[in-house]
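Q: I am new to this structure and would like to learn how to read it one feature at a time. Could we begin with the way two chains meet?

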Amino acid sequence: MSARNYLTEDTRLRSWFFTTDHKRVAILYFAGITFFFFIGGAAATLIRLELLTPQGDLVTSDVYNRLFTLHGVIMVWFFLIPSIPNTLGNFVVPLMIGARDLAFPRLNLTSWYLFMIGGLITLYAVFVGGIDTGWTFYTPFSTMYSNGHVVVAVVGVFIAGFSSILTGLNFIVTIHRMRAPGLTWHRLPLFLWSLYATSVILVLATPVLAMTLLLLGLERFFGVGIFDPKIGGDPLLFQHLFWFYSHPAVYIMILPGMGIVSELIACFSRKAVFGYKFVAWASLSIAAFGFFVWGHHMFVSGQSVFAGLVFSFMSFVVAVPSAIKVFNWTATMHKGWIRFDAPMLYALGFLGLFTIGGLTGLFLACLAYDVYVTDTYFVVAHFHYIMVGGAVTAYFGGLHYWWPKITGRLYPEYWARAAAILIFFGFNMTFFPQFILGTLGMPRRYHVYPADLQVWNVLSSAGASVLAVAYALPLFYLGWSLFFGAKAPTNPWGATGLEWQTPSPPPVHNFAVTPKVIRDPYTYRPDGTEQPQNA
Amino acid sequence: MPEPAPAFQYATLSQQHGAARLGMWTFLATEVLFFGGVLLAYVVYRYGYPSAFAEAARHTHIAIGAANTAILLTSSFLVAWGVEAAKQGFGRFAALLLWSAAASGLLFMALKGYEYRLELSESLFPDDGFAITGSVAGGARLFFVFYFIATALHALHVAIGIVVLAAIGARARGGAYSAAYYAPLTVAGLYWHFVDMVWIFLFALIYLPGRA
Amino acid sequence: MDAPVRWIPYWSPSATGYAAHVDTLFVGLLTCSVLVTALLFYLLFRFAFEYRAGRAADRDHRIKKSWHWEISWTAATLLVFLALFVWSARLYLQAADMPANAVTVYVVAKQWMWKVQHAGGQREINELHVPLGQTIRLLMTSQDVIHSFFIPAFRIKHDVLPGTYQSLWFKPQRAGVFNLFCAEYCGTDHSRMLGRVVVLDAPRFQEWLTQQAPSETLAAEGERLFRANGCSGCHGAGGTVRAPALEGLYGRPVPLQDGSVVTADDRYIRDSILRPRSQIVAGYAPVMPPFEGRLSEDDLLRIVAYIKSIAGETRQPQ
């Protein structure tokens, strides 16, 4: 095991900051998003602390508004969107397709620098006084009335947007052009299908966000009036442009998670994913339909009744492929040889939480019900079930699954299982009461709230403390395993993907010889033994 | 001349070319959506304030706009010719063509700058001292918001293109490209044609309303 | 009368017939969700138990061809979704369809309060008194940023935008005091932009109206503004410039110069005052100056109320 690998090849610090190795860039991203995750998490902790009492006595309203804005901006753009694609995706895409690197390695590093610069600029906005607009930057509040540092924050997010675009572009080209011989589209592991669909969204939706933020910044800076109702500008135009990006952005967060879950369920059920082609194409149809549902964020905004009907209908349509995936994952377990290692526990947790998140999404797609619960805690609970219960749980599942490959060490299994279970319960305790708060009519972004809603808020905050501990646990035992974990074999899970056919951790250019793919992914025999894709 | 080796991550040079071309097309897709955002704003407001947009468009300088259109179209032709020439090994001639295209870009920028100066002196910048008054004032201001944002963004793209063409021209002169290796040329050419096409749309949207 | 749903634990009771329908929709959605979740969790647990590694189980005859499963569950999902869509859309259309006999109440939102004006001239801040059983139509606008008018007990909500009128209606079926929230984030005191909706039975409401003792009705105030701003100089009976008569205008179709026809509703009247040249009435010269920035939202609503009040009149021949 003393062979030289990507970690030991060159250990000087500058070799990290000027690396073009996709595996090292992935590690840089790990460091970046973990940093931002804990900043966003600290804001969430303060929010939940504040909501323990209905009076709003911990911080002032201005500080509270800055806290939830910080939480939203950081978590959406600097944790969730880059989380799976830029870390796990960056690491395993070339490995899974049998390539030596991404198509454009230098672009990949550029993307990380843009991400960090954007993130630090946004943090700067926080330290010089904060942003009080909410992560949605609605006009005319953000352009004319806000007393926060909107322009600085917008510049930060704008720059990070280019990082997203470059990553999406890199993945699209890599998956199209760099696949190993024999690796046809319908032999691609499902994680790659989902990342491909994600990349399409990154490339097509992010530029619209960039333009929207540019208009917003110019409006606020020069007062040109493009969204100003006083000269005939339309504040709703901003919402349309914003959600044209930000709804597909939800799929940027959840699609990679779905891809990971496909990998995990197949590997730990020792069975090919049921309905592989349906799951694969469901990813692309989610990406495609996802572009035509943005108006469901605006059912009460004053858009036309007809638009409301169309967007409601499309929202039901886009939910179909997600439902198909859930059914297929469940069916995959049928007649499997199921093991319950930590990654599988995360995958099962994902299934439960994503199902609840998805079903409550139907409540919100229903026009008449959405009118009632939109902008309440029902929405808050729903999207946390999707983005945290779904995407973040899948991220942790994937992190544990590929940890031996990435670090060359095994993590302590019992600690990992304990954390997975604790996250599941802590999460439900935190966010399920918020559904009830929403159906009782508690609006979101409320610093003070009616006293009769306190019991649910206290429950939610209590759950948040469990969740905070659960999310901190992996930091410790994964950190411990870096130094004291057992050395990982090449294929600790007995999985079929190409990434498991090269040593852990992989050598600098991934494969000594470019692999030749001869069979479908997830080929397991009924007794649970695997048949790698290339042998 | 020996064929250059592909970069380490590619198996063959043609794989590398394919990746570069697909990368540029993907990038252009991003660009289309980027300009799409501001074009959508234009369409919404033009639909809302048709007479104000017509009135405002009559304040633009169509002679400069038309000249700039001709200049950019010519430059695109020069780029296409230059790419072909470089592929066939006429490096010095290709450099001449590409540099002429870059010079056309500079001429475009100079005219555009002159046009901005005229407009600023006519108080057409959309702030409180805006020249067009009356009940079309709001809509006309929105038109000029669009005008300045869209043309400035386009000019930024032209500026990048000029630098790229100049650099590619220099490398062509040094004989860097051949029938076997010309991906950077194709990619730069694609980009320049895209910038040209954006201008054609902008020309129609900015200078033509109200002049039928 | 629809009884409020009380048998769901932790449910906040509804106070209008429409709200009761929304609650039924909620119960329907909840039932579907519980069934689907139960089925899914049952299968997950069963498979997890039956096919756990090391347990002897029949793993032969695995399903190889999946397409008929896929088609069936896709079709089933789609059908259920369609049914839910139709159900909720019908209810939404019902809410969007303004009843004819509604009484209009005017709402202006600003950071961070609700200003309410009744047709009789009564004014309230952060309170809205309405009579039981009467359909109320709110005509709402904002003076600054976007707010959202939300009454949980009525299950309704609508954003209140600057620069345009939005309307919302409800018909309270239960007397009482209900929460009014601002549901669209609007700045520092967003969470303190609260109010109460007080539903009174008819005699008590009359009592309340008279207690307020306004000096004049909203329309009368509007008429005063109509003269003070010089509108009557042209649109009045003895106008010196040829301008369209406003008597009997409200609610009627208006032919425009560009050949189109619009209905003279509140939004049209508002836009025509602020930006008269955007919609020129056929046969008139575009000579009216824009009033953009010269009238407050409150005054504008009073003038609209005045023009509405003369909807039943006709111009006396000169």
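Q: How many residues does each chain give to the contact between chain C and chain A?
A: In this predicted model, the contact draws 65 residues from chain C and 65 residues from chain A. On the side of chain C that touches chain A, two or more residues come from each of helix H1 (17-50), helix H2 (67-96), strand S6 (147-151), strand S7 (156-160) and strand S9 (176-182) of chain C, and H2(C) supplies the largest share, with 16 residues.

Q: Which classes of residue make up the side of chain C that touches chain A?
A: That side of chain C holds 36 nonpolar, 17 polar and twelve charged residues.

Q: How are helices H4 and H5 of chain B oriented to each other, roughly parallel or roughly antiparallel?
A: An angle over 145 degrees counts as roughly antiparallel. The axes of H4(B), residues 91-121, and H5(B), residues 137-173, come within 8 Å and cross at roughly 160°, and therefore the two helices are roughly antiparallel. Their crossing is left-handed, and the residues of the contact of H4(B) with H5(B) comprise 18 nonpolar, five polar and three charged.

Q: Where in chain C is confidence lowest and highest among its elements?
A: Chain C has a mean pLDDT of 87, with 94% of its residues at 70 or more. Confidence is lowest in helix H5 (residues 232-235) of chain C, at a mean of 83, and highest in S6(C), at 96. Over residues 1-7 of chain C, however, pLDDT stays under 50. For the model as a whole, the scores are ipTM 0.92 and pTM 0.92.

Note on methods: Residues numbered from 1 in each chain as written. Chains lettered and ligands numbered in written order. Predicted model: local features only at pLDDT ≥ 70, side-chain atom pairs only at ≥ 80, totals over all residues. Axes fitted to C-alpha atoms, helices over the stretch in contact; angles between N-to-C directions. Helix = DSSP H or I, 4+ residues; strand = E, 2+ residues; numbered from the N terminus. Parallel < 35°, antiparallel > 145°, perpendicular 65-115°, else oblique. Left-handed = near helix turned anticlockwise from the far one by under 90°. Nonpolar A, V, L, I, M, F, W, Y, C, P; charged D, E, K, R; others polar. Contact = placed C-beta atoms within 7 Å. pLDDT = per-residue confidence, 0-100.
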